[in-house]
Amino acid sequence: MAISVFDLFSIGIGPSSSHTVGPMRAAGMFVTRLKQDGVLAQTAAVRAELFGSLGATGHGHGTPKAVLLGLEGNEPHTVDVAEADLDVERIRTTGRIRLLGAEIGPAHEIDFDVQTQLVLHRRRSLPYHANGMIFFAYDADGVPLSERTYYSVGGGFVVDEDAVGADRIKLDETVLPHPFRTGDELLRLARETGLSISSLMLENERAWRTEAEIREGLLEIWRVMDACVAQGLGREGILPGGLKVRRRAAAAARALRGEGDARGRAMEWVTLYAMAVNEENAAGGRVVTAPTNGAAGIIPAVLRYYLDFVPGADEDGVVRFLLAAGAIGMLFKENASISGAEVGCQGEVGSACSMAAGALAEVLGGSPEQVENAAEIGMEHNLGLTCDPVGGLVQIPCIERNGMAAVKAITAARMAMRGDGRHHVSLDKVIKTMKETGADMKVKYKETARGGLAVNVIEC
């Protein structure tokens, strides 16, 4: 199985990769399947049922909105974030939905009652994964035309029922020049080839795209990340969802600019960069899954730190940074999970912190061993981190948590660069530990909003 860096970094919409991006893709897959099977024209009614974490915290994560947009044919990377809420309101008020209406050509419009045909099961789960969905289609006489089950397994990845028992990611049979599944294998390949982690990843990516396409694709990913930072630093007000959480990044950045001496306050800027992204994410803005939306601020913040505070930083470094981060992210995706609903926030913020730490070590000139060490430190000190969003919203503690993890990633990279790469706990061991810790973690701490801060904070 082969995973591309572009699978881990994808342009989408907030607030959640597993609860927003994944369900939008799943709903789109379902109606596309109806069209492929030749039954779309016969479809008179559709129904969607959400289970597990999707049912428990779906309202706070924008899942119903995502499903409605997906049924109308919208895709996370192209959906108009400015018009999305208006489209959802149209569906709710008219009681009509345009299946594949976002596609070019005539839409198939049918009745749809959001209250009865989009069901969130708060305490029922499907067997394979906490983020399960079932979609149904019926003809005018109520005869079933199709029933499909999908799972949103983290980072926007979606698998359907055919993949259950096979693997968590759609199999890609592409033959890579340097295949690896573990950190040890990655280090061995680096030693054998003499390549850096980013160079080795670049050669693998060339199995899908030309080097020019890879470079432009990664720079486009960075442009969207950077634009999200800028948007977040320029917007004030109250975040949606009912908690009345106030945006803080813009006001804090304005005050910080007035204090001068940016270099002496680098870590404060990094914290604000990360918070800015996650405030945008919480507002349903355009973000890059990195490797999830809940942890989307960490890698952009550390990349911004590289460009702002590391002498000699340039676009080549941005490309190398993202390639190295992708290599580390693949190890988590292959051997554990990046889904908060499966392993808690250690799988989201922890994985992103590890990716950012290793990537920063790469562009600071670190050896493969130092890169692996930085990634290990970044994950080791996020072990056991629970996913307990207050009100089921990706706001408290998620926004601040990204700021903290971005600083932690920089510290991890700097620590690794002071060493020679030799250390006692390998990245593979800490990934294995994270997976086992997630398995031991009670369900109430895994994105259900039924434990931790989610129940100990009084909502007003």
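## A predicted chain, question by question

Biologist: Where does Ala449 lie?
Modeller: Ala449 is not placed in a helix here; the model, a predicted one, puts it in a loop. Two helices flank that stretch, and the second of them, α19, covers residues 453-456. Ala449 therefore belongs to a linking segment, by the helix and strand assignment. Its place is the loop between α18 and α19.

Biologist: What is phi of Ala449 near?
Modeller: Most residues other than glycine have a negative phi. Ala449 is not glycine, yet its phi is positive. The value is near 60°.

Biologist: Which residue in the loop between α18 and α19 is buried, with a relative accessible area of 3%?
Modeller: Buried means under 20%, so a value of 3% qualifies. This residue also has a positive phi, near 60°, without being glycine. It sits in the loop between α18 and α19. The residue is Glu447.

Biologist: How many helices does the chain have?
Modeller: The secondary structure includes nine strands. The helices are counted separately. Their number is 19.

Biologist: What is the mean pLDDT of the protein chain?
Modeller: Of its residues, 96% reach 70 or more. The mean over the protein chain is 93.

Biologist: Over which residues does pLDDT stay under 50?
Modeller: Where pLDDT is low, the predicted coordinates should not be read in detail. The model does show 15 contacts beyond four places in sequence for this stretch. Read them with that caution. The stretch is residues 165-170.

Biologist: What radius of gyration does the protein chain have?
Modeller: The C-alpha trace spans about 70 × 50 × 45 Å along its principal axes. With 460 residues, a compact globule would have a radius of gyration near 23 Å. The chain agrees with that, so its value fits a compact globule: 22 Å.

Biologist: What percentage of the contacts between residues at least 6 apart in sequence join residues at least 24 apart?
Modeller: These contacts link parts of the protein chain that are separated in sequence. Buried residues make up 58% of the chain. The share of contacts joining residues at least 24 apart is 75%.

Biologist: Which helix gives the largest share of the largest nonpolar core?
Modeller: In soluble globular proteins, nonpolar side chains tend to be buried together. Here the largest nonpolar core has 99 residues, and those with the most contacts inside it include Phe9, Phe180 and Met225. The largest share, 12 residues, comes from residues 315-335, which form helix α13.

Biologist: How many residues are in the second, separate core?
Modeller: This core includes Val67, Leu71, Ile97 and Phe112. Its size is 35 residues.

Biologist: How many of the nine residues of helix α8 are buried?
Modeller: Helix α8 covers residues 197-205 and is mostly covered. Among its buried residues are Ile197, Leu200 and Met201. They pack against several helices, including α1, α7 and α9. The buried count is seven.

Biologist: In which helix is Met434 found?
Modeller: Met434 counts as buried because its relative accessibility is 0%. It touches Phe332, Val343 and Leu383, among others farther than four places away in sequence. Met434 itself is found in helix α18.

Biologist: Is Ser426 buried or exposed?
Modeller: Ser426 sits in the loop between α17 and α18. Its side chain reaches the backbone nitrogen of Lys429 at 3.1 Å. Beyond four places in sequence, it touches Glu372 and Glu376. At 16% relative accessibility, Ser426 falls under the 20% limit and so counts as buried.

Biologist: In which strand does Thr149 lie?
Modeller: Thr149 counts as buried because its relative accessibility is 12%. Among the residues it touches are Leu126, Met133 and Val159. Thr149 lies within residues 144-154, which form strand β7.

Biologist: Which proline is joined to Ala290 by a cis peptide bond?
Modeller: Most peptide bonds are trans. The bond from Gly14 to Pro15 is cis, with omega near 10°. For the bond from Ala290, also cis, omega is about -5°. The proline lies in the loop between β9 and α12: Pro291.

Technical notes
Residues are numbered from 1 along each chain as its sequence is written. This is a predicted model: local features need pLDDT of at least 70, side-chain atom pairs count only at pLDDT 80 or more; totals for chains, interfaces and linings use all residues. Side-chain values use heavy atoms; hydrogens and water are left out. Helices (H or I, at least four residues) and strands (E, at least two) are DSSP runs, numbered from the N terminus. Buried means under 20% relative accessible area, exposed over 50%, partly exposed in between (1.4 Å probe, protein chains only). Contact means heavy atoms within 4.5 Å. A polar contact is a pair of N or O atoms within 3.5 Å; within protein, one must be able to donate a hydrogen and the other to accept it, and residues adjacent in sequence count only if both atoms are side-chain atoms. pLDDT is the predictor's confidence in each residue, from 0 to 100. A nonpolar core is a set of buried Ala, Val, Leu, Ile, Met, Phe, Trp, Tyr and Cys residues joined through side-chain atoms within 4.5 Å. The radius of gyration is taken over C-alpha atoms; the globule rule is 2.2 Å times the number of residues to the power 0.38.
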